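Me: I've got this model open and I'm a bit lost. Please pick one part, take me through it slowly, and then show me how it sits in the rest.

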Amino acid sequence: MDEEYDVIVLGTGLTECILSGLLSVEGKKVLHMDRNDYYGGDSASLNLTQLYRKFRPKQDPPSELGRDRDYAVDLVPKFIIASGELTKMLVHTDVTRYLEFKQIAGSFVFRDGRISKVPSTEMEAVKSPLMGLFEKRRAKKFFEFLQNWKDEDPTTHQGIDLDKDTMRQVYEKFGLEVGTQDFIGHAMALYLDDNYIDKPARPAYDRIILYTSSMSRYGKSPYIYPLYGLGELPQSFARLSAIYGGTYMLDKPIQEVVTGPDGKFVGVTSGGETVKAKQVIGDPSYFLSQSGGKVRVVEEGKVVRAICLLKHPIPGTDDADSAQIIIPQNQVGRKHDIYIAIVSSTHNVCAKDIYVAIVSTIVETDKPELEIAPGLRLLGPIHEKFVSISPVYTPTSSGESDNIFITRSYDATSHFETVVDDVTDVWKRVVGKDLVLKKREVEVQE
C-alpha cells in the first residue's frame, strides 16, 4: 500500500462506484476500498444466507424458500426511471454491456382505500377510476397543457409562467381537486411531501414530463430494473473502473482518515498501513467519528424499510410480477409518502413463486414500524419480514477546503434521481467541471 493515488474511494455503494468508474475513465488513478467482503454497501443485493445473517444472525434460512443462489434481495428499494439521469449515465459509460434490464409491470397509487393505476396521459386520465367525469375533463386539459408547452411559444402558456407561478396556482388554473393534485404530485412528480406545491412550478413540470416520457418509452410503467437485483449496478461500475486501471480492495476495515497539520486529506489507514492520495470520496458511514477534530456528517432523519417475502402478487395490482405503489401522505394522515416496491422471480431476485416487496417511508415518530403499517396491510399475508431503520446522513461541508468529499445516504425516494444529483454534485467539486453525458438507448426486456 505504498503507492500514491489521485483518489481513494471508501465504500462500494452505487454513488461511490459510479464516481470511481467515471474518475477512472477520466484517467484518474483510483483506489476503491470497502470494509465489507461484498460490493454494494447499503445498496447491495443479498442472497438468502446473507439476508438472514444480517437480520437474524442466529437463524438459518428455511429450506422451503428455495436455493440460496436464487436470491438477490435489495437492501434499498429503488427503480430506474426510463428517461432519467441514471439511464443516461449507464449508456454514457457503456456499463449497459454488463447489465440486462426488465420493465416494471405497473405504477399504482393508493387512493380512497384502493389501489389504482397511475394515469400518465390525457387518454388514461379519461379512463381512470381515480376521478369523476368532470374531473377527468379537467385532468385531460391539464395533461394536454403539459404536453403542448413550449418555452419559446407563448401561445402554449395559457397565461402561466412556470418560473414564477406556483404549482398550486397551476392546479387551480385547471380546477383540479385535491385528490387529483395528490396523485399528480406524489405518484407522477414523485415528491415525498407537499413542500413543492407553493414553490415555482418549473421543477414539478419537469418531473411530470420525465414521468410521462419514461412511461411512453416502454409502455407498462416508467420504470426499469436490472436482472439479478440493484447490486448489479455498483458491480458494473466497479468493472468499468477496473478496466481503466482502478484498484479494488474488499474486506478492508478503515482505521483512520488521515489529515495533515493544515487539516487537508493525506491518506487512509487500514491494517496499520497508510495509503496516500490527493483526494478521498466516501459514504457517510466512514466519517461518523470526528477526524481532525471536525464533525463531518450530521443525521437529518431516518428511513424505515421492511423487506417482505410473499407467496403471491400484491392484491389489486392485476397480478403484476412487479410494481410500484405510492401511498400519498394525505391518504394516511402523514407528512411523507409510503412507498411499496415489488419484484419477483422474473427479475432473477428470488425463487419461483416468491415475491419480494419492500415498504419504506421517512420516520416521523418513535414507532417506525407502525408508520409503514398501511403499506404492510396492502401486501396480504407476509411469509417473512425483515425491518431496518437507517439514519440519513448529509455532509457538513463541500470538501473543497480539505479534499474530503462525502456522499449522501440513500433517501426514501423510490428512484435514483437524487443519487445522480449527488454524483454530479460531487463530481463537479472533485474534478472542477460539469459532468456531460452522451445520449443513447437502453435495451429492455418486455
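Reply: Let's start with a hairpin: β7 and β8 form one with two residues between them, and Asp-112 in that turn has a positive phi of about 55°. Helices and strands here are DSSP runs, numbered from the N terminus (helices: H or I, at least four residues; strands: E, at least two). Before going further, keep in mind that this is a predicted model: local features need pLDDT of at least 70, side-chain atom pairs count only at pLDDT 80 or more, and totals for chains, interfaces and linings use all residues. Residues are numbered from 1 along each chain as its sequence is written, and side-chain values use heavy atoms, with hydrogens and water left out.

About that phi: most residues other than glycine have a negative one. The two arms of the hairpin, β7 and β8, run antiparallel and are joined by four bridges. Two strands count as a pair if DSSP finds at least two bridges between them. Right by the turn, Arg-111 has Arg-114 in β8 as its bridge partner.

Now look at Ser-116, which lies in β8. Is Ser-116 buried or exposed? With 4% relative accessibility, Ser-116 counts as buried (buried means under 20% relative accessible area, exposed over 50%, and partly exposed in between, using a 1.4 Å probe and protein chains only). Leaving out neighbours within four places in sequence, Ser-116 is in contact with Ser-107, Phe-108, Val-109, Pro-129 and Leu-130. Contact means heavy atoms within 4.5 Å.

Zoom out a step. The hairpin belongs to an open sheet of seven strands with mixed pairing, in the order β8-β7-β15-β16-β17-β14-β18. The edges are β8 (114–117) and β18 (384–395), and each has a single partner strand, so one side of each is left without a neighbour in the sheet. From one strand to the next, the twist averages 25°. A helix sits against this sheet too: α7 (residues 178–188) packs on it, touching β7 (106–111) and β15 (323–327), and its direction makes about 140° with that of β7. For such angles, axes are lines fitted to C-alpha atoms, for helices over the stretch in contact, and the angles run from 0 to 180 degrees between N-to-C directions.

Further along the sheet you'll meet β16 (residues 338–344) and β17 (residues 355–362), an antiparallel couple joined by seven bridges. Ala-341 stands opposite Ile-358 in β17. As a rule, side chains in a regular strand alternate between the two faces of the sheet.

The loop between β16 and β17 deserves a look as well, and His-347 lies in it. His-347 has 0% relative accessibility and so counts as buried. What does His-347 touch, not counting residues up to four places away in sequence? The list is Lys-102, Gln-103, Ile-104, Tyr-225, Pro-226, Leu-227, Tyr-228, Gly-229, Asp-321 and Ser-322. That loop between β16 and β17 also holds Asp-353, a residue other than glycine with a positive phi near 70°.

Follow one of those contacts outwards. Tyr-228 is placed in the loop between β9 (223–226) and α9 (232–243). Its phi is near 75°, again positive in a residue other than glycine. While His-347 is buried, Tyr-228 is partly exposed, with a relative accessible area of 46%.

Finally, the whole chain. It has 12 helices and 20 strands. The radius of gyration is 22 Å, close to the 22 Å that the globule rule gives for 446 residues, so the chain is as compact as a globular protein of that length. This radius is taken over C-alpha atoms, and the rule is 2.2 Å times the number of residues to the power 0.38. Along its principal axes, the C-alpha trace spans about 70 × 60 × 45 Å. Of the 446 residues, 56% count as buried. Among contacts with a separation of 6 or more, 72% are between residues 24 or more positions apart.
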